[in-house]
Amino acid sequence: MLGRLVDELASRGIIKKRWTKRSVREVFDSLELELASQGLPLPIIDKLRDMVSERLDGKESKGKPKDVVTAVIKDIFLKIIPTDQTLRRLEGLEPPIKIVFLGFNGVGKSLSIVKFAKLIQDEGKRVLVVSADTYRAAAGDQLEGYCRKAGIPIFKGQRGSDPAAVAYDAVSMARSKGYRYVLIDTAGRNYLDRNLVEELRKIVRVVNPDLKVLVIDGLAGSDVLNQCDSFNEAVGIDALVVTKIDGSGLSVPLVASFYTERPVLFLGTGQGFDDIKQFDVKEAIDFILSS
Ligand SMILES: Nc1nc2c(ncn2[C@@H]2O[C@H](COP(=O)(O)OP(=O)(O)OP(=O)(O)O)[C@@H](O)[C@H]2O)c(=O)[nH]1
Ligand SMILES: [Mg+2]
């Protein structure tokens, strides 16, 4: 009743209508399904609702409410998601520049490493790929196969040897042979597996990497938040790679980058070594808000 009266007076220009937490919530109620269907997990939608509320509460309400809220969401994403300056930052470091790739089983770590190695090598920089997955002989063999095809040197640990020791030896070799980048592949791990988490911590302790990259499957859906949390808690992460974007939309990289406040180093867009693309935050936002 009161709401209708306020609307009436506002439409006649008698009073200025202002946003309230409630009116933001009402707009979100109608937006929620669209955002969820574009792949935004519910905790992220809730977080956005709170942030938009905080921004708009008490402000004068002008224009179509949905357009205003959408514009604020865009702005929040753009403010929070860092643009990727990783390579520029790394280039200033003393070589060998050490990068460890982490992630859940089968997300695409090994292939992404070779894609990234090729990118660096194509720029004329020397890069060494290291297989620290010493549990599965097949893992080392797979990486070796990729490297041979792409023409990238590989350092492979003996099956059953300590992955941290392998990584350490690889870094020593890279230093003595003048490699600029060392990219370390780790065994895919389930975040519930304590032994593997301990092993990952040991690799990080021993190698002291310049960058810890979490690789996420673009098809992960809402599980992306669990993956970010578990690896962040285990060792901390500095940047993200999101794979299989050829089979999915852009919500996973957008969500992961927003949630962790870490930049996306690149996207994987297929099974070829050159299937790699830069993450365009604006394109991803438009994708999410397109409906
Ligand atoms: N379509 C598509 N497939 C990809 C992409 N990246 C990786 N894959 C495929 O995903 C599968 C797993 O890739 P891997 O690189 O072996 O994944 P991983 O994380 O190293 O796996 P584990 O070592 O077993 O944990 C392979 O069949 C890859 O070809 C991508 O960007 N697009
Ligand atoms: Mg692998």
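## A tour from the sheet outward

Start with the strands: in this predicted model, eight of them form an open sheet with mixed pairing, in the order S3-S2-S4-S1-S5-S6-S7-S8. Select the two edges, strand S3 (154-156) and strand S8 (276-277); each has a single partner strand, so one side of each is left without a neighbour in the sheet.

**The whole chain**

Zoom out to the full protein chain, which holds 12 helices and 8 strands. Its C-alpha atoms fill a box of roughly 75 × 40 × 30 Å along the principal axes. Of the 291 residues, 43% are buried. Taking contacts between residues at least 6 apart in sequence, 76% join residues at least 24 apart.

**Two domains**

Colour residues 2-80 as domain 1 and residues 86-280 as domain 2, following the domain assignment. The centres of domain 1 and domain 2, taken over C-alpha atoms, are 39 Å apart. Where they touch, domain 1 contributes 8 residues and domain 2 contributes 11. On the domain 1 side, select helix H3 (42-56) and helix H4 (65-80), each of which supplies at least two residues. That side of domain 1 has 6 nonpolar and 2 polar residues, with no charged ones.

**Strands S1 and S4**

Return to the sheet and select strand S1 (residues 97-102) with strand S4 (residues 181-185); they pair in the parallel sense over 5 bridges. To see one of these pairings, show Ile 97 and its bridge partner in S4, Tyr 181.

Now add the helices on the sheet. Helix H6 (residues 109-122) lies across S1, strand S2 (127-131), S4, strand S5 (211-217), strand S6 (239-243), strand S7 (264-268) and S8, and runs at about 170° to S4. Helix H9 (residues 194-207) also packs on the sheet, where it touches S1, S4 and S5. The direction of H9 makes about 175° with that of S1.

**Strand S2**

Select S2 next. All of it is buried, 5 residues of 5, so S2 is largely enclosed by the rest of the structure. Turn the view to see each face: Val 127, Val 129 and Ser 131 lie on one side, Leu 128 and Val 130 on the other, and both faces are covered.

S2 has parallel pairings with S4, over 5 bridges, and with S3, over 3 bridges. Towards S4, Leu 128 stands opposite Val 182. Towards S3, Val 130 has Phe 155 as its bridge partner.

**Leu 143**

Move to helix H7 (residues 137-150) and pick out Leu 143. Is Leu 143 buried or exposed? Leu 143 counts as buried, because it has 24 C-beta neighbours inside 10 Å, and the cut-off for buried is 20 or more.

Show its contacts beyond the neighbours within four places in sequence: Ser 110, Val 129, Ser 131, Ile 154 and Asp 185. Val 129 and Ser 131 are residues of S2 already visited. Between Leu 143 and Val 129 the C-alpha to C-alpha distance is 8.7 Å, with their positions 14 residues apart in sequence numbering.

**Ligand 1**

Finish at ligand 1 and display the 20 residues around it; Gly 108, Lys 109, Ser 110, Gly 188 and Gly 268 come nearest. Which helix gives the most to this shell? H6 does, with 3 residues. By class, the shell around ligand 1 has 12 polar, 5 charged and 3 nonpolar residues. Ser 110, among the nearest to the ligand, is also one of the contacts of Leu 143.

Key: Residues are numbered from 1 along each chain as its sequence is written. Chains are lettered from A and ligands numbered from 1 in the order in which they are written. This is a predicted model: local features need pLDDT of at least 70, side-chain atom pairs count only at pLDDT 80 or more; totals for chains, interfaces and linings use all residues. Helices (H or I, at least four residues) and strands (E, at least two) are DSSP runs, numbered from the N terminus. A residue is buried if 20 or more other C-beta atoms lie within 10 Å of its own, exposed if 12 or fewer, and partly exposed in between; C-beta atoms are placed from the backbone. Two residues are in contact if their C-beta atoms, placed from the backbone, lie within 7 Å. Domain bounds come from an automatic or database domain assignment. Ala, Val, Leu, Ile, Met, Phe, Trp, Tyr, Cys and Pro count as nonpolar, Asp, Glu, Lys and Arg as charged, and the others, Gly among them, as polar. Two strands pair if DSSP finds at least two bridges between them. Axes are lines fitted to C-alpha atoms, for helices over the stretch in contact, and angles run from 0 to 180 degrees between N-to-C directions. A residue is near a molecule or strand if its C-beta atom, placed from the backbone, lies within 6 Å of it.
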